[in-house]
Amino acid sequence: MKWLVAAAVVVLLALPAVLNSYAVTVFIFIFFYAFLGQAWNIVGGYAGQLSAGHAAFVGIGAYASALLSVQAGLTPWIGMLVGGVLSAALGTVVGYLGFRFGLRGFYFVLLTVAFAEVCRIVALNTDAVGGALGYYITFTGNPRQFQFQDNRAYYYVALGLMLVATAVVAGIERRRFGAYLIAIREDESACEALGVDTFRYKMLAMVVSSFLTGVGGTFYAFYLFSLQPNAVFGIPLSVEIVIRPIVGGAGTVLGPILGSFILSPLAEAARVYFGQGGWSGVHLIAYGLLLIAVVLFLPQGAYPALRRLWIRTSA
Amino acid sequence: MAVGLTLIFGVMRVVNFAHGDMMVWGMYLAWLLATRAGVDPYVGFVACAGALFVVGLVIQRVLVDRIVAAPHEMQILLMLGVALVLENGALVAFGPDPQRVRSPLSAGTFWIGPIFVDVARLVTFALAMVLTLALYLFLTRTDLGRTMRAAADNAYGALVIGTDVRRVYAVAFGLGAACVGAAGALVSPILPFQPAGGLSLSVASFNIVIIGGMGSLPGAFLGGLLVSVAESMGAVFLSPSMKELVSFSLLIVILLLRPAGLFGRAAA
């Protein structure tokens with residue numbers, strides 16, 4: 001397994017040498033969404049707290065680093081951490097309220113959606129951050145400002161983000177913390193009865209998850225150079241974040257990556273082939289159908305199913 | 001006065017993320033009927049309700065039925081999938097531009113004393129009241145309605161006394177969808193609509209249902225009233241685009257303090 005992972009990383013590192021610019025872009029999106037999915041995975045997959053408002057953290061991180069860079073001249077390499085901390089602060093608030101008041105299942109989903117929507121509406125109505133027009137960053141191509149002439153640089157940054165998040169998740173899974181989170185997901189009351197401080201661990205999961213997602217916001221801002229409140233805080237982005245780990249296998253280390261490798265090219269292909277002439281919703285229809293199929297036939301996601309298949313064929 | 005309609009949402013007990021999208025489909029059906037067949041939406045809503053009843057029944061039978069026993073999260077994800085399909089299906093079928101149904105009634109207005117009244121809104125409100133009342137009577141006075149409430153209250157108990165719970169669920173789901181379809185058709189002359197509006201309608205209706213109390217019909221009615229009054233106050237005192245902020249803040253507060261809603265019983 002270790003060798004396989006190492007080999008995969010080497011291949012991914014070498015890949016830009018042979019890919020054209022368009023393929024590199026596709027891979028950037030695969031890595032980026034895998035990264036966001038991985039961050040979501042900590043709280044949504046392992047701890048089983050279905051957050052449908054992760055776009056809020058992306059947005060906070062994106063706006064924070066963009067504003068700091070443009071208004072105060074702070075490099076996004078540091079702004080990234082500031083954005084992460086601010087997102088983690090919001091994550092703490094949402095988590096504290098949600099977990100302290102014992103909101104579970106559907107109620108927690110609604111709480112996270114409500115917070116993300118509040119962020120979206122505030123951003124829409126705050127002229128200082130561009131309001132409904134959006135916020136734009138001027139391209140300078142200066143790497144110290146997190147801007148690169150070469151698409152490949154973004155490729156390596158996105159790959160790096162994904163690998164770091166995956167390492168974090170793998171680390172959590174191996175530790176007691178991960179075991180607690182899984183236990184909370186499976187049976188919270190039993191977990192509590194055994195003396196586990198479930199509130200503390202859920203909070204910790206939420207903080208780590210929202211911090212990582214906030215860091216991802218910086219990449220979003222400085223890769224796309226424009227921030228629209230409806231796009232960065234909107235429910236559709238939250239859906240994009242949630243769907244990858246779910247399809248790939250929530251609560252597994254490789255699930256979000258697998259999910260992103262399945263879904264991002266699918267979305268891209270649908271956009272290329274059906275993007276014109278009023279067919280722009282086709283990739284979301286495909287998402288919907290896939291989501292339905294996964295829930296009905298592979299409730300644990302693709303990765304556990306693949307692994308079972310692998311074990312069966314190799315035995 | 002679109003408020004009057006939202007109260008219908010209260011009946012549905014399944015966590016239905018496709019709610020708003022069903023409503024959008026109801027609006028588009030009304031629009032199709034009005035433009036292609038010249039049927040006024042105030043008549044056509046019956047057909048819309050019928051069509052969505054079937055849609056709801058099929059979704060329940062084919063999809064939801066298989067995972068009733070599964071965790072809540074799975075239901076949410078499933079309905080999210082359905083919502084995506086419905087919303088973007090509408091986008092592909094009807095295009096992204098907002099539509100509006102013209103009804104001869106929407107031209108008429110009159111004054112009651114100092115109050116300016118729009119006939120279309122009045123009719124919509126009145127029909128919504130009638131539908132809600134009918135639904136309330138159905139749930140409390142008829143056998144099927146009573147069984148439905150029993151199954152919602154305690155599915156196992158209902159099963160023990162010989163209720164076909166699956167059938168009751170299917171009818172409930174279909175009926176819920178029919179209400180949404182009717183609501184969609186009824187507001188179509190008042191509100192412009194577009195496929196992308198589905199999700200925000202879903203969220204708005206959850207808002208109302210949660211604030212009013214899950215599964216409580218009077219709660220949904222008062223919830224709808226409360227939300228719309230709060231939103232109009234927000235529009236007046238803050239700014240028109242901030243009005244949603246008020247209802248979402250209200251939602252957060254209610255979720256935290258009274259998760260069962262203002263009029264609901266304690267949540268399980």
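These are numbered notes on a predicted model, taking its confidence, its nonpolar core and the contact between its chains in turn.

1. On the complex as a whole, the predictor reports a pTM of 0.80 together with an ipTM of 0.72. For chain B the mean pLDDT is 70, with 66% of the residues of this chain at 70 or more.

2. Within chain B, the element with the highest mean pLDDT, 78, is helix H2 (residues 19–37), while the lowest, 44, belongs to helix H1 (residues 3–6). The pLDDT is below 50 over residues 1–12 of chain B, although this stretch has 47 contacts in the model beyond near neighbours in sequence. Those contacts call for caution, because predicted coordinates should not be read in detail where pLDDT is low.

3. The largest nonpolar core contains 174 residues, and those with the most contacts inside it are A:Phe31, A:Phe35, A:Leu110 and A:Ala158 from chain A, together with B:Leu52 and B:Ala182 from chain B. Helix H8 of chain B (residues 165–187) gives the most to this core, contributing 15 residues.

4. A:Ala158 may be a helpful place to begin looking: leaving aside neighbours within four places in sequence, A:Ala158 is in contact with A:Ile28, A:Phe31, A:Phe32, A:Phe35 and A:Phe219.

5. Where the two chains touch, chain A provides 36 residues and chain B provides 37. On the chain B side, helices H4 (72–94), H9 (197–212) and H11 (243–257) each supply at least two residues, and the largest share, 15 residues, comes from H4 of chain B. By residue type, this side of chain B divides into 26 nonpolar, eight polar and three charged residues.

Notes. Residues numbered from 1 in each chain as written. Chains lettered and ligands numbered in written order. Predicted model: local features only at pLDDT ≥ 70, side-chain atom pairs only at ≥ 80, totals over all residues. Core = buried A, V, L, I, M, F, W, Y, C linked by C-beta atoms within 7 Å. Buried ≥ 20, exposed ≤ 12 C-beta atoms within 10 Å, placed from the backbone. Helix = DSSP H or I, 4+ residues; strand = E, 2+ residues; numbered from the N terminus. Contact = placed C-beta atoms within 7 Å. Nonpolar A, V, L, I, M, F, W, Y, C, P; charged D, E, K, R; others polar. pLDDT = per-residue confidence, 0-100.
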